[in-house]
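This report goes through the pockets, charged pairs, cysteines and aromatic rings of the structure shown below.

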Amino acid sequence: MSENGQSEVGSFKVKAGLAQMLKGGVIMDVVTPEQAVIAEEAGACAVMALERVPADIRVQGGVARMSDPGMIREIIQSVTIPVMAKARIGHFVEAQILEAIGVDYIDESEVLTPADEEYHINKHPFKVPFVCGCRNLGEALRRIGEGAAMIRTKGEAGTGDVVEAVRHARTVLGEIRRLQLMPDEELMTFAKNIGAPYALVKETKELGRLPVVNFAAGGIATPADAALMMQIGVDGVFVGSGIFKSDDPAPRAKAIVEATTHFRNAEILAKVSENLGEPMVGINVSSLPKSEQLATRGW
Amino acid sequence: MKIGVLALQGAFAEHMTVLAGLGVTAVEVRLPEQLADLDGLIIPGGESTTIGKLARMYGFMEPLRQFAAEKAMWGTCAGMIFMAKEIESATAGKDQPLLAVMDIVVARNAFGRQVDSFEAGLTVTVFENGDSGAFPAVFIRAPQLLAVKGDAEVIAKLVDGTAVAAQQGKWLVTAFHPELTNDNRFHRYFLKLAER
């Protein structure tokens with residue numbers, strides 16, 4: 001920002017700042033404008049517009065790409081909350097297209113088929129902010145080094161099994177707790193070992209948390225799952241297939257929103273968990289062959 | 001002095017951090033009974049439709065209006081929208097509960113989408129001498145003040161004249177986010193209002 005009051009668009013502060021405004025909230029996957037409206041009515045703080053939720057991508061297979069920009073535009077027009085959309089890992093042209101249609105956040109996502117098996121998108125030159133997935137602190141800090149303004153732990157999307165979301169959140173938060181106890185002379189070797197930029201390792205130690213907002217994703221299907229992730233220590237949750245693949249999406253969506261706000265209040269959690277119908281039919285992650293685990297995508 | 005930060009959704013932790021830095025006792029407010037012994041309340045930035053719905057669902061609307069009648073209240077961004085008596089209808093959510101205490105008309109997302117979010121320096125009329133340098137304001141999918149009525153007054157404008165902060169008695173609204181900067185002048189100013 002300049003002293004004479006001239007404005008600066010697209011600074012890292014405003015990119016990371018939007019994620020700060022999403023905290024304590026639920027970001028829901030939607031595939032139609034009607035679902036987007038249901039999500040907004042339920043109290044979602046943002047929606048993720050996509051053609052197929054991860055559970056369907058798993059079943060149908062094939063190459064999963066960026067959604068039709070026309071369909072994303074319709075969702076943008078149907079709600080007043082922020083709209084996110086996914087680009088393939090490394091596919092910076094999909095990202096340019098999503099920026100051009102006015103998407104509020106781009107998820108460079110392992111749920112889509114990677115376009116580049118070596119490099120992620122250089123996210124710094126974009127005015128639109130990016131969120132990226134991670135399984136551990138090194139991966140989180142590499143993505144932030146590339147310009148990500150928000151991080152989500154990956155979990156295993158489209159399974160309805162929260163076990164990987166727990167594993168990844170505990171890994172990242174546990175590594176940060178260890179880092180905080182580390183003397184400064186150990187930081188460079190730690191940075192080398194986890195493959196993370198030294199400056200960000202140092203900043204994370206000083207802050208005692210990631211330098212950007214950190215949500216949980218991948219396998220959250222119930223209000224209790226959302227509250228579990230919040231109590232473990234994330235800033236908010238993404239719910240993908242968990243809402244619109246369940247029996248009765250609207251009440252479940254609302255219950256997950258309430259559970260994310262009142263995540264420490266067991267009485268409220270009990271009340272909102274009542275009579276929600278069947279959650280999505282899950283897949284045990286332990287039964288998934290390695291080749292079908294989306295979380296392993298990302299370099 | 002004890003200040004509450006409405007913690008239904010949004011950037012409440014950032015306000016808590018600034019208040020802690022000023023040595024103020026601050027509490028996160030998730031249920032109406034937690035308003036009881038507070039001297040002032042901050043309604044943070046976040047998603048105004050989400051905050052409004054959760055406030056209504058958990059019985060906050062009347063208790064918050066009663067609180068505002070006596071105490072200091074400050075809304076940042078979404079909080080400013082929530083405190084307004086009126087939202088320009090084209091920009092309102094389909095179901096958007098409003099506290100409707102302050103005599104202002106706001107437009108949501110008035111500067112455009114996230115790609116149009118920006119930082120700008122502001123001159124704030126109510127800051128005292130010595131505190132008068134440009135305030136580093138962060139605007140994120142920010143609202144604007146379209147009209148300020150009754151005894152509400154505009155206290156900061158952008159260089160193009162757009163009104164972005166206002167005060168009415170003990171109530172303060174800012175379209176931007178002082179809690180995202182290292183500058184605590186707005187928080188100190190609000191504490192003075194809460195002391196009155």
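## Pockets

The largest pocket encloses about 750 Å³ of space. A pocket is defined on a 1 Å grid over the protein atoms alone, as an open set of points where a 1.4 Å probe fits, with protein on both sides within 12 Å along at least five of seven lines; lining residues have an atom within 4 Å of a point. Grid points are joined across faces, edges and corners, and a volume is the space filled by probe spheres set on the points.

This is a predicted model, in which local features need pLDDT of at least 70 and side-chain atom pairs count only at pLDDT 80 or more, while totals for chains, interfaces and linings use all residues. Residues are numbered from 1 along each chain as its sequence is written, chains are lettered from A and ligands numbered from 1 in the order in which they are written, and side-chain values use heavy atoms, with hydrogens and water left out.

The lining of the largest pocket consists of 22 residues, and those nearest its centre are Gln20(A), Leu207(A), Pro211(A), Glu14(B) and Leu180(B). Two or more lining residues come from each of helix 1 (12-22) and helix 9 (198-207) of chain A and helix 1 (12-21) of chain B. Helix 1 of chain B gives the largest share, five residues. Helices (H or I, at least four residues) and strands (E, at least two) are DSSP runs, numbered from the N terminus.

The second largest pocket has a volume of about 440 Å³. It is lined by 21 residues, with Arg209(A), Met230(A), Gly233(A), Val234(A) and Asp235(A) closest to its centre. Helix 7 (163-181) and helix 10 (223-232) of chain A, and helix 1 of chain B, each supply at least two residues of this lining. The largest share, four residues, is that of helix 7 of chain A.

The table gives the lining of each pocket by class. Ala, Val, Leu, Ile, Met, Phe, Trp, Tyr, Cys and Pro count as nonpolar, Asp, Glu, Lys and Arg as charged, and the others, Gly among them, as polar.

| Pocket | Nonpolar | Polar | Charged |
|---|---|---|---|
| Largest pocket | 12 residues | four residues | six residues |
| Second largest pocket | eight residues | six residues | seven residues |

## Salt bridges

Over all chains, 30 salt bridges are counted; the rule asks for a side-chain nitrogen of Lys or Arg within 4 Å of a carboxyl oxygen of Asp or Glu. One of them joins Asp107(A) to Arg152(A), with the closest N and O atoms 2.9 Å apart. Asp107(A) is in strand 5 (residues 105-109) and Arg152(A) in strand 7 (residues 150-153) of chain A, so this pair ties together parts that are 45 residues apart in sequence. Asp107(A) and Arg152(A) are both buried. Buried means under 20% relative accessible area, exposed over 50%, and partly exposed in between (1.4 Å probe, protein chains only).

In chain B, Glu47(B) pairs with Arg108(B), the closest N and O atoms lying 2.9 Å apart. Glu47(B) sits in the loop between strand 3 (40-43) and helix 2 (48-57), and Arg108(B) in the loop between strand 6 (102-107) and strand 7 (118-124), 61 residues apart. Glu47(B) is buried at 7% relative accessibility, as is Arg108(B) at 3%.

A further salt bridge links Asp95(B) and Arg56(B), with 2.8 Å between the closest N and O atoms. Asp95(B) lies in the loop between strand 5 (84-87) and strand 6 of chain B, and Arg56(B) in helix 2 of chain B, 39 residues apart. Asp95(B) is partly exposed at 23% relative accessibility, and Arg56(B) is partly exposed at 42%. Asp95(B) and Arg56(B) belong to a network of salt bridges that also includes Glu41(A) and Lys53(B).

## Cysteines

The count of disulfides (cysteine sulfur atoms within 2.5 Å) is zero over all chains. For Cys45(A), the nearest cysteine sulfur is that of Cys77(B), 13 Å away. Cys45(A) is buried at 0% relative accessibility, and Cys77(B) is buried at 5%.

## Aromatic rings

The whole structure holds 14 aromatic pairs over all chains. Rings of Phe, Tyr and Trp (its six-membered ring) pair if their centres lie within 6.5 Å; planes under 30 degrees apart count as stacked, over 60 as edge-to-face and the rest as tilted. Phe126(A) and Phe130(A) form an edge-to-face pair, 5.1 Å centre to centre with 75° between the planes.

Trp74(B) and Phe190(B) form a tilted pair, at 5.6 Å centre to centre and 45° between the planes. Trp74(B) is in strand 4 (residues 72-76) and Phe190(B) in helix 5 (residues 185-195) of chain B, 116 residues apart. Trp74(B) is buried at 0% relative accessibility, and Phe190(B) is likewise buried at 0%. Ring pairs join Trp74(B) and Phe190(B) into a cluster whose members include Phe111(B), Phe118(B) and Tyr189(B).
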